[in-house]
Amino acid sequence: MKKNFWLTIGFQIAAVILALLFTTLVLLMAGAPPIQAYVSIIKGTFSSLEDIGNVLSAWAPLLLTTAGVLITFAAGLWNIGIEGQVVIGAIFTTGALRLLQDSSMPPGMILVLGFLAGMLGGALWGSLAGVLKTFGGVNEIFGGLGLNFVATAITIYLIFGPWKRPGIASLSGTLVFPNQLWLPTVPVAGFSPWALGLGLLVILIVYLLLRGTLFGLRLKAVGKNIRAAYSLGVPTWQYMMFAFLLCGAFAGLAGAVQVTGVYHRLTPGISSGYGFLGLLVAMLINYQAIWAAPIALFYAALNIGGIQLPILLKLDSSLSGVLQGVLVLFVLLVEGARQRLFEKR
Amino acid sequence: MQTSDILVGLAGVLFSAGPIMFAVIGETITERAGIINLSMNGTILLAAMGGFAAAVSTGSLLMGFVAGALIGAFIALIVAFSSITLHQSQVAVGYVLAFLCLNLSYFLGHNYIGVAGPRLNAVAIPLLSQIPVLGILFFNQDVMTYLSFVIIFVAWFWIYRTRPGLMLRGIGERPAAAYVRGANVNRLRYIYTVIGGAIAGLAGPIFSLSVKAGWAGPLTGLDGFGWIALSITIFGGWNPFRAAFGVYLFSFLQWLGLILQPAFPGIPTQVLQVAPFPLMILTLLLVNIGNAEWMERTLAAMPEKSRRVAIRLLRAMRASPPGSLGVPFENE
């Protein structure tokens, strides 16, 4: 047992080294100085309070999407539609804020309602993928992908149509909300402790849900072997549906955070790819919720660290994405190699 | 709009369907062998960038297409290796590759943004291009568009009319039975995944050297086509003819969205261009709903006459995936 543990650790370290080697090779191919590029990514994450604040601002929605897909993965579902669920959540939040901003309601109350609306929107979009899967037999990957495109189209329609800015409508988004409808942030660092608290709370809930409850156990049973779960009396389609709803609700919260804490309006790129990134984080931690917080923080840091690359080294900021992807790829490959070499029947 | 404008527009529909056709036929062949290559979106982007870079630096269009096919084949090889040899989830590895290759294309392509590159020209086929209507539609295109017509028939013929094609269907449908009959299931799966990846890889340079010539990073606007191709593969029911119908339908709807734009000035172009997606979901629903369990129960409860009609309708639309799609094969 103990030997196995160290073996696993050794292989994981090997995966990280391979990922770094690959990325270095890519940098050399692009004619870029590798060391300087890595240094610039690291510096970009905590050389000022503002940088740290940006990382924390990115961490919050990523925690929420990761928490969401941990639920659907537990049920054996590939909820690739989470990206659209974030978007629809953001739309619902924006809608609620627009509706209530001129009312006499206190701003705090409006924000709370906005978050609830976001949850509702995300859950609604998640349930669409769920209905397609459970009643229509449409694979959740393809239903979800289609719904992602539709969600983006709805955003663009709203920005150019009913919610367009007075004067000229543009891809930069809707009119910015008044200050009192922004999530309060820490001065200088500029991140919202509310958003971060929410993200950490949700990931904790998911951890406890999957680890210590009958619901979590049954959900995992559905994911591992749906027929066995069914014959043991687990209402399988209801559980799958509920996983979609819950994941959608968390994704919707991420959308609400993006609207109220980051952009303060609706933009075409409101989801910032956090849904897709959440899937990647969940895969990297092998679907174990306990590792979600630190790895999501690391991925958020990579996102922010890459922003400086175009200015400092004339490199594209997608280097962060290369690192994020290649890490997961090598972890999967090396894990496969370990199983093949050491777990022969 | 005049008749000649419509004809030119329809010829454009066939032209812009070209790259998606290669992606869909490639994926159809791969999935027929029982492997899902979910990396398509990244494959197309990286092959588009790599193909463009190769064509610019060698000055040869041919090298651009060769590079695209090689990139597609290599990515498919990673999918095959990780799923067949290492027993990792095909969907997981494919998804990661889609993400990774998209970012790789943007990163490595940074220096090629805005660079002027070669472009594939149309070659009218003598005599045939003079035929009224058909000439403009089919015989006044570029080489890759002609190939996109040909590949539909080649793929269909291979899958349904040859002995190796029979084996291909066998290893995707019932690998154990194919194995007993002497097929080296896993080796064949490797081969077909790589061939399918190479064909799909051609989609990239067809975009960057012809349909959307040039490289502009994320603004090239290729992100999303891979996911579309994967959906059309399902819509096509793993049959090249039906898949081709799906590709042309999609391309036609995008064109329709474009020309209907002036009629709906309130709706931005971007919205009409995604109009095919809800339709795609709907068709996926129609294609799959016959497989749903509650549907069978509903059908059983129907009166005899209407049931027969309903069953015939569902059968016509239904597409069942290869029996062992995504399932690893162990020879005991």
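Which residues of H6(B) are buried? In the predicted model described here, local features are given only where pLDDT is at least 70 and side-chain atom pairs count only at pLDDT 80 or more, while totals for chains, interfaces and linings use all residues. Residues are numbered from 1 along each chain as its sequence is written, and chains are lettered from A in the order in which they are written.

In H6(B), the buried positions (20 or more other C-beta atoms within 10 Å of the residue's own, the C-beta atoms being placed from the backbone) are B:Met144, B:Thr145, B:Ser148, B:Ile151, B:Ala155 and B:Ile159. These buried residues pack against H1 (3-32), H7 (163-173), H10 (203-211) and H12 (240-260) of chain B, where contact requires C-beta atoms within 7 Å. Helices are DSSP runs of H or I of at least four residues, numbered from the N terminus. H6(B) comprises the 19 residues 143-161, for which a span of 27 Å is expected at 1.5 Å a residue, and its end C-alpha atoms are 26 Å apart, in agreement with that value; the expected span is 1.5 Å times one less than the number of residues. A kink of about 25° is centred on B:Val150, the bend being the angle between axes fitted to the seven residues ending at a residue and the seven starting there.

Elsewhere in chain B, the axes of H2 (residues 40-58) and H11 come within 7 Å and cross at roughly 130°, and the two helices are therefore oblique to each other, a term that covers angles outside the classes roughly parallel (under 35 degrees), roughly antiparallel (over 145) and roughly perpendicular (65 to 115). At this crossing, B:Met40, B:Asn41, B:Gly42, B:Thr43 and B:Ile44 of H2(B) meet B:Phe225, B:Gly226, B:Trp227, B:Ala229 and B:Leu230 of H11(B). B:Ala216, in the loop between H10 and H11 of chain B, is in contact with B:Ile113 and B:Gly114 when its neighbours within four places in sequence are left aside.

In chain A, the axes of H7 (residues 193-212) and H8 (residues 214-224) come within 5 Å and cross at roughly 75°, which makes H7(A) roughly perpendicular to H8(A). The contact involves A:Leu209, A:Leu210, A:Arg211 and A:Gly212 of H7(A) together with A:Phe215, A:Gly216 and A:Lys220 of H8(A).

Between the chains, 41 residues of chain A are in contact with 40 residues of chain B. H14(A) gives the most to the side of chain A that touches chain B, with 13 residues.

Technical notes:
A residue is buried if 20 or more other C-beta atoms lie within 10 Å of its own, exposed if 12 or fewer, and partly exposed in between; C-beta atoms are placed from the backbone. Two residues are in contact if their C-beta atoms, placed from the backbone, lie within 7 Å. Axes are lines fitted to C-alpha atoms, for helices over the stretch in contact, and angles run from 0 to 180 degrees between N-to-C directions.
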